[in-house]
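Hi,

Here is the structure I promised to pass on. Have a look at it first, and then read on for what turned up in it.

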Amino acid sequence: MSLAKIYLCDLSIGGWNAANYAGFYPQNVLKLILLNPIQTFAKMPATFFIKIMKIGIKPTRGNVKSYIGWGNEKEESIPDSIIKLFTISVMNVNSNNSFPKWGTSEHLSNLKMPVLVVLGEKEFAFPISKAIRRAKILIDHLKLQIVNNASHLISVSSPDYINNKELDFIKIQ
């Protein structure tokens, strides 16, 4: 039994996972949607690693809330359900195996399917100017969208906008 062709979409580390999968198995992916994918088109700064280490050492609700809120000061407050979900996931991470490696140009050049990259204007996990430049170089069938006044948790801060962009992108022509 073989895997059917899929539409693949994810956010942050999930975006990295999606890009990584699509790079290994491009024949299985019809379209790829990457929402603020870390370690994919731009590297994370040292300040981001420090904040991640803090919640990795002590994955309390307060540390997670502080980490998530770091880049979202000018957005609406983050729903309690997101804080709870993120806290649970951080508490169950194997730090030796789960941190994403830098996406190589060779690997990302395998992304031959249409790719929608959506970045928050106020992204804090990586410099979007570098991500935009690298994505334009590596992805042949790129559609790029910058969302005003949104940061890393773009699907939380702009859910209707993001859902509409995703649905428009995956429409079968």
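Tyr21, Phe24 and Tyr25 are linked into a cluster by ring pairs. Keep in mind that this is a predicted model, so everything below is computed from the prediction. The search for aromatic pairs covered the whole structure and came back with two. One of them joins Tyr21 to Tyr25: the ring centres are 5.0 Å apart and the planes make an angle of 40°, a tilted pair. Phe24 and Tyr25 are also tilted, because their planes are at 50°, with 6.4 Å between the ring centres. How buried or exposed are these rings' residues? Tyr21 is partly exposed, at 24% relative accessible area, and Tyr25 counts as partly exposed too, at 40%. Phe24 has 53% relative accessibility and counts as exposed, since the cut-off for that is over 50%.

Now for the sheet. Four strands make it up, in the order β1-β2-β3-β4; the sheet is open and the pairing is parallel. The edges belong to β1 and β4, which have a single partner strand each, so each of them has one side without a neighbour in the sheet. From one strand to the next, the twist averages 10°.

Strand β2, residues 29–35, is a good place to start looking. Six of its seven residues are buried, so the rest of the structure largely encloses this strand. It runs parallel to β1 (residues 6–11), and six bridges join the two. If you want to find the register on screen, Tyr7 stands opposite Lys31 in β2, and Leu11 has Leu35 as its bridge partner there. To get from β1 to β2, the chain passes through helix α1 (residues 13–24), and this β-α-β crossover is right-handed. β2 also pairs with β3 (residues 115–120), again in the parallel sense, over four bridges. Here Leu34 has Val117 in β3 as its bridge partner.

Lys31 is worth a second look for another reason. Which ring does its charged end sit over? That of Phe169, at 5.2 Å from the ring centre.

Two helices lie across the sheet strands as well. Helix α9 (residues 159–170) lies across β1, β2, β3 and β4, and runs at about 160° to β2. Helix α7 (residues 128–138) lies across β3 and β4, at about 165° to β4.

Last, a couple of backbone oddities. Most residues other than glycine have a negative phi. Gln39 is not a glycine, yet its phi is positive, at about 55°. You will find Gln39 in the loop between β2 and α2 (46–57). Gln39 is buried, because its relative accessible area of 6% falls under the 20% cut-off. Asn149 also has a positive phi, near 60°, in a residue other than glycine. Its place is the loop between β4 (142–147) and α8 (154–157).

Happy browsing!

Notes. Residues are numbered from 1 along each chain as its sequence is written. This is a predicted model: local features need pLDDT of at least 70, side-chain atom pairs count only at pLDDT 80 or more; totals for chains, interfaces and linings use all residues. Side-chain values use heavy atoms; hydrogens and water are left out. Buried means under 20% relative accessible area, exposed over 50%, partly exposed in between (1.4 Å probe, protein chains only). Two strands pair if DSSP finds at least two bridges between them. A crossover is right-handed if, with the strands pointing away from the viewer, the path from the first strand over the helix to the second runs clockwise. Rings of Phe, Tyr and Trp (its six-membered ring) pair if their centres lie within 6.5 Å; planes under 30 degrees apart count as stacked, over 60 as edge-to-face and the rest as tilted. A charge sits over a ring if NZ of Lys or CZ of Arg is within 6 Å of the ring centre and within 35 degrees of the ring normal. Axes are lines fitted to C-alpha atoms, for helices over the stretch in contact, and angles run from 0 to 180 degrees between N-to-C directions. Contact means heavy atoms within 4.5 Å.
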